[in-house]
Amino acid sequence: MKKIHAYIFFLLLSMSNESCKKLVQVDAPSSQLASSNVYSSNATATSVLTGLYSNMSNLGNARLGLVGYLGYITGLSADELTYYGNSVSESQYYSNSLLNKTNLYFWSEFYQQYIYTCNDVLTNLPNSSVSPQVSDQLIGEAKFIRAFLNFYLTNMWGDIPLLTSTNYSINGVIARSSVTQVYDLIKQDLLDAQRLLNVNYVGPDALTTSTERTIPNQWAATAMLARVYLYLGDWKDAETQATAVISNSTVYGLKTSLDSVFLANNREAIWQIQPLELTASYDTYDAYRYVMLGAPGTVVSMSPFLLHAFEPGDSRRTHWVHDTVFNSIPYSYAFKYKIIPNTTSRAEYTTMLRLAEQYLIRSEARAQQENSTDAIADLNVIRARAGLSPYAGATDKNSILAAILHERQVELFTEFGHRWFDLKRTKAIDTVMGAPGNVCQAKGGTWKSDWQLYPIPLSEIQMDKHLTQNDGY
Amino acid sequence: MFAAFPVRFGFTLKTRIRKKPVYVKPKLPLSPKLRRVKCKGMKFNAREGAFTPHIWKVMKLMAFLLFTAALQVSARSSAQTITISERHIAVGDLFNRIKQQTGYSFLWDDQLLSRSYTVSVEVKNGTIDDVLRQCLSGLPLTYRIDNAIVYILRAGKEKEDPTPVPVASPPVDIHGRVTDSLGNPLAGASVTVKGSGKMVETDANGMFVIKSADDAATLVVSYTGYATREIRAEGKNAVLVALPISTSPLDQVQVIAYGTTTKRLNTGDVTTIKADAFERQPVSNVLGAIEGKVPGMFIQQTSGLPGTAITAQIRGQSSLNNGTSPIYVVDGIPYRPQFSVGGPDGGNSLSADVGYPLDYLNMMDIERIDVLKDADATAIYGSRGANGVIMITTKKGKPGDARLEARFSSGFAQKTFPLSFLRNKEYFQMRREGYANDGITTLPIDAYDINGTWDTTRYTDWQRLQTGKTSQHLDATLSVNGGNATTQYLISGTYHRETLIFPTQAFPNQNASLHFNINTHSLNNRFKMSLTGSFTGNHNTSLQQDMSKYSTHAPDAPPVYTATGALNWANGTWSNPFQSLYNPDIISVSNLLASYQLSYELLPGLELSSNFGYNLIETYEHTSMPLSSLNPLYNPVNNAGFAYQTNHSYTITPQLNYKKRIGQSDLVVVAGASIDNQNINVAGISASDYPSDAQLQSPVGAASTYPYASVSAYKYASLFGRITYNYSDRYIVDLTANRDGSSKFGPGRQFANFGSAACTWIFTKENWWKGLPFLSFGKLRGSYGVTGNDQIGDYRYLSLYQAVYSADTYQNAIGLYPTSLSNPDFAWEVTRKGEVGLELSFLKDRINMTTSYYLSRSSHQLISALLPVLVGPGSVQVNSPALLQNAGLELVISSTNIQHKDFSWKSNFNISFNHNKLVAYPDFQDSYMSIYYTLGKPLSTRNVFHCIGVNDTTGLYQFVDRKGNRTYTPTYTSDYMISKVDGAPKYYGELENSFSYKGFQLGFSLYFVNQRTMDPAVGGNGLAGIMDNNILTSEWEHMWHHPGDKARYEKATASYGSLAYSVTGPVSISDYGIINSSYIRLKNVDLSYNLPKRWLAHLHMSSVLIYIDGQNICTFSSFLGDPEITDFNTTPLLRTFVGGIKVNL
């Protein structure tokens, strides 16, 4: 018996816990990479950011997401577009009658993919074996993207869940943070990004200098920071940051030809996203959305409010707007992006940030600081490029601000929600949308001030009991 | 003492059997120790050193029986010749030499050879007799050969009268040997001296010695699976006992985890199905053949087409949304054929998910199936035992001369449950009613069937045209099996071919397999080896669509082919159903399954063994859609899909077995470990736009391709132990424990402990049990234990990234993006099982009854967490706090109703009840769970709308909303969940009867299920009035036609926008139209005839069996279609008949 005990003991010993653990350890599948392996080398770590831009640019995400859809949806909500389609959710955006069960556009995409990815980068990179130079650039990009997305989230939803971790047990029960807290993080992220990002544009390896403006650099962070300060009413800082970008004239300058503003890597572009879908019949999703061929997908035209906003002689009306007739009915559509059908040219990139906005930011910041001369000077740079005579209106602050708001409307239309957000931050929204016989009614709805914020998706509130709904939904 | 050498089974004995035994004239007086032994039917007079003539007859008969199978070939098999040339060799050494050359064992009393005899022998190619005669000629010894054992005896006076046996002699040692009726030694048989409690076990050669026994003692010899015999020693010191195989079902061997036992002594709940119960059934998956035969196991076939889904669930659903399938263990190796190729066709093919359990295991190679259910039986599989364990044992070689078995069968199958669809007149009337009901007075341009576009005088019975073919079956098996006492082999090959019931003969399903087994053990029987393997090649050709779904085409629809033989598209007015015939889905699967078992007896009773298993399944799937099969009107592109998958796994299971007899009790200890690795690689390409259809066989040449790939690895390790303590076959306690680890869990969560305790009381063994003499056996057993479940996807605990798929790259670099969240915290799903069972046998085990009641509760349910999407990509696996219960009762009665010499009648009956319940869930009402489930109700309970039938004025289905008002438009947000329906079967079971009269045998089985189903005419098919949506005549007769009709089905509608159409959504998930779809199916009838032996003698055949077997012969149910499929769009189970012949040489 003793011998037997010895044998059994030996058997058990040989199967001790440590060796047992090895027996059930598996490597991550080679068709996929485990998070821990991803951040072990420069090559894979940089691929994560490449993947992020790829997904932003890819069919599916992009068609209904940040790159191809955000400007469109906010344009429907605002006074920029006339809608002819029959999509239930798009109709609700259009008539400002959203339900809490309407589609999760942007919400799931931003949080589930992009912010999660940024947080994974920010969690894993600092302690990784990735080289410092690459690491800095990548952390900078992740912070920049996170700030960029949080900016849009808070402008669409107000108070939002502020995610800084990838831990589902924290994120799954998270409550909303106030807009102030959100902006604090945005500012912090952008300042960090400004410090960490390469001053030059880099390639996807995060090291070599590139002529492609498809990966954010220090100036993208600066430009975004200028916008954020503007939204926060921090006029001085807004002016400083915008000036920094504008004065970097070796890299940036306004294109004189309006037809060149959205071309790939033009001098006006601060950050662009390269389209990925070669087989599609257009270069950019903007072209897909707005160019009216009478084909499916072109279900909007420019609204009469926007069309009437152009001053006579504004060459943007002729270069960035195209008139057409279908069934004897005239339509005008946004024609900033022109290439359709596609010739796999990649001549146009979706422009995320461009210099013209920086002039308008600085102009507004200066106006707010009672520096009307410089404000008008900046405004006139934009007007001149559009073939318009210099601003000749009243020089009091409010008049200039009104002129700038108008200029922003006709310069930045259908671009990334500028109009919708401008209306909200300048508190003009209730007047524009809600006044009797005004925009909202014309679109078939009845305005309520609560509707300047979108509803938090109902299922999110059901899953996370700490989330609250916006008023009015 | 007996010195013993292992026995080798000899072929040549027959040539050695003579009319009289050979023995050398005895010269020396008999040892006083040699006594006479009397035992029933066989006498061995040791004093005479030989058999009496009477006994000799018996021996001859035995020898005859023994080698009946071998008669033909034995003449050819080489005689055991010996060549030996030795001078002055010790007799013992000589015997050793002979043993080495022949395998014969030698048996002698040590006292006989106490003097060291030396002999000289010179024999060349002589027989064993030549050698023994020569060597023993000068010695006071003689010999006798029996069953390859050479008994060395003291030479004596043959004719001398036996010395009177002393009446009360001093205690003696009784020597003996226990064999089966074929003479194979039975190792580990127990020999008890009656009344004294003294007990020994036989050694590896079946030998035993009882020291200091009363020479008048009665020995009780028993061995698992064999009838127990009593023998009076009566003054013999050499006892030979042959045990016949027990005929009692209680002694049937049962395969359990890491061992075997008998039904009599099993502490767990195991159902055993042997090959004869299924091997003649014409089904392609063995699960289809054992449906109904295992109480508590519910088997679900989802289609009558070969290669489609068939699943088994043991004792209800014990997991919320993860694997509820049992684990399959083939020859001790976990077998995981469940995988999905994830075909390029997007899963719309008939067999997109190939690899249903056992599809790729040839049924002909299966010897037996043991289904393990309760905690005691399954807990040692720990982590994997929660859903039950199905142990499959394949056929093994058996000793004897080479035996050839050939089987051939052929038959046909046809679709069952023909449905009666409307013919032209009623169909047109239905269509017109549809338009009239929608207020459409002018027939639209696309109403081709009634507006004159199609020839309304045409009539096609689409059902018959598309699924009316007879499927041809062909099966052939050839197997050879044989061997001697130490080495046995089996080789078997099978071919199966089956065509489809669709109008094409182009796509037969073919299946060929090779199975082999070699067993051997060393002469001293301490080392054993067994190698078993099978290779199956399966070529399953099917279509991407089940053509049954097109039976509803308009009866006046155009002809399928044009005059030139091309598919007729009728100017784009219809979708030609014959298109499917040109869209094949071909799946080729190669399955290699090998199991290698080694064991070595380290010490008496202590055996070290290991099982090595390897399984490789390679799958290739090819789908194609040629241009010629597509309607040219829509500018189609041809396309093809290619998918390759390899799935290889290995298992190593070392284990130590220890057996010890302590007084009247037996102790069996098993300790071991199991390592299990599985790797799956998938790669595929979707290709489209080829210049020519001829290129569809390869991805090369396609204008557009899309590759995909995935790999996954699974590892599993387990330490297990079991202690079985059996006191006098009366009280048995069984304890198991194991510690299991699975790679599906994150670090720190991989391992968990499982275990069980069971006890059994065979109360009829109690001495005081005299009360009920008709009760021959009574056993009460109970078990409780903890098992687990890890049937979730691999890598769920890891945060994974994968490459962005795009036709283009971002700045010429490939991106990665995260696809899953990391959660290292989830752990094993746990099921606690309790069971009590009562097993009774009456009238000498002729009637056997088993009743089991079980209750199991599953907790830590592995589910995908219900989280807001903002947390990140993918889902998070968590352990849900839901508590799930399954409770049920199973009853099995088997009886031999009549048992005469020529006629017998046996019956088997079983019935199972299972009740599933969601017992607890914290904050249930506020949780998402409440949308899907109901607390306190079965998981199969669905929340539905409450429908009160058809409004007799409007002809529309009417619902009741939450406030109690009638409505046609109930909403999902408020009016759903008002009513509940449960579709789980209430009970199911089977009655089997078998009769035999002389050579004839007739068996049939009736399978029954009590269940409820949604009437398909209400649920899925209720769109009467729309083109190409023909309905059944029964629906037509009960549908609303005019105001005032008290109808069961609503009015016809021809428009998808109508209210009549919109109510079909909610009604299909309502409590309306739930009908009783219970059924009794005559599942199998088998008639066979064994040709009389005397006919076969001169054909040199040992047996010939001819048979006819029918499957799914008829079904009694009020349900119109197949009540097992409950869907009119799917091919029902086919009615199959085969006739065959089985020849044994």
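In the hairpin that β33(B) and β34(B) form, with 3 residues between the strands, B:Ser728 takes a positive phi near 55 degrees; strands here, like helices, are DSSP runs numbered from the N terminus, with at least two residues (E) for a strand and at least four (H or I) for a helix. This is a predicted model, in which local features need pLDDT of at least 70 and side-chain atom pairs count only at pLDDT 80 or more, while totals for chains, interfaces and linings use all residues. Residues are numbered from 1 along each chain as its sequence is written, chains are lettered from A and ligands numbered from 1 in the order in which they are written, and side-chain values use heavy atoms, with hydrogens and water left out.

The two strands of that opening hairpin run antiparallel and are joined by 12 bridges, where pairing requires that DSSP find at least two bridges between two strands. Within this pairing, B:Ser718 has B:Asp740 of β34(B) as its bridge partner. β33(B) also runs antiparallel to β32(B), to which 24 bridges join it, and there B:Asn677 stands opposite B:Lys715 of β33(B). Strands of a sheet pair through backbone hydrogen bonds, either parallel or antiparallel.

β33(B) leads on to the interface between the chains, since the largest share of the side of chain B that touches chain A, 10 residues, comes from this strand. The contact (heavy atoms within 4.5 Å) takes 65 residues from chain B and 72 residues from chain A. In chain B, the residues that lose the most area to chain A are B:Tyr801, B:Tyr810 and B:Leu870, which together make up 16% of what that side buries. The area buried between the two chains is about 5,600 Å², and carbon and sulfur atoms give 67% of it; buried area is the accessible area, taken with a 1.4 Å probe, that two parts lose on being put together, summed over both.

Between chain B and chain A there are 14 residue pairs in polar contact, both residues being at pLDDT 80 or more. A polar contact is a pair of N or O atoms within 3.5 Å, of which, within protein, one must be able to donate a hydrogen and the other to accept it, and residues adjacent in sequence count only if both atoms are side-chain atoms. The elements that give two or more residues to the side of chain B that touches chain A include β29 (584–603), β31 (639–662), β37 (800–803) and β38 (816–818) of chain B. The residues of this side divide into 40 nonpolar, 21 polar and 4 charged, with Ala, Val, Leu, Ile, Met, Phe, Trp, Tyr, Cys and Pro counted as nonpolar, Asp, Glu, Lys and Arg as charged, and the others, Gly among them, as polar.

The count of salt bridges between chain B and chain A is 0, a salt bridge being a side-chain nitrogen of Lys or Arg within 4 Å of a carboxyl oxygen of Asp or Glu. Over all chains, however, a search of the whole structure finds 55 salt bridges. One of them links A:Arg383 with A:Glu311, whose closest N and O atoms are 2.8 Å apart. A:Arg383 lies in helix α17 (residues 372–385) of chain A and A:Glu311 in the loop between α14 (304–307) and α15 (315–319) of chain A, so the pair ties together parts that are 72 residues apart in sequence.

The two chains also share a sheet, an open one of 3 strands in the order β1(A)-β37(B)-β38(B), with antiparallel pairing. β1 of chain A and β38 of chain B stand at the edges, each with a single partner strand, so one side of each is left without a neighbour in the sheet. Strand β1 of chain A (residues 33–34) pairs with β37(B) over 2 bridges, and A:Leu33 has B:Tyr801 as its bridge partner. On the way to β38(B), 3 bridges join that strand to β37(B), and B:Tyr801 stands opposite B:Pro818.

Elsewhere in chain B, 12 bridges join the antiparallel strands β26 (residues 487–498) and β27 (residues 509–521), with B:Gly493 opposite B:Leu514. β27(B) is in turn joined by 12 bridges to β28 (residues 527–543), again antiparallel, and in the hairpin of these two strands, which has 5 residues between them, B:Asn525 takes a positive phi near 65 degrees.
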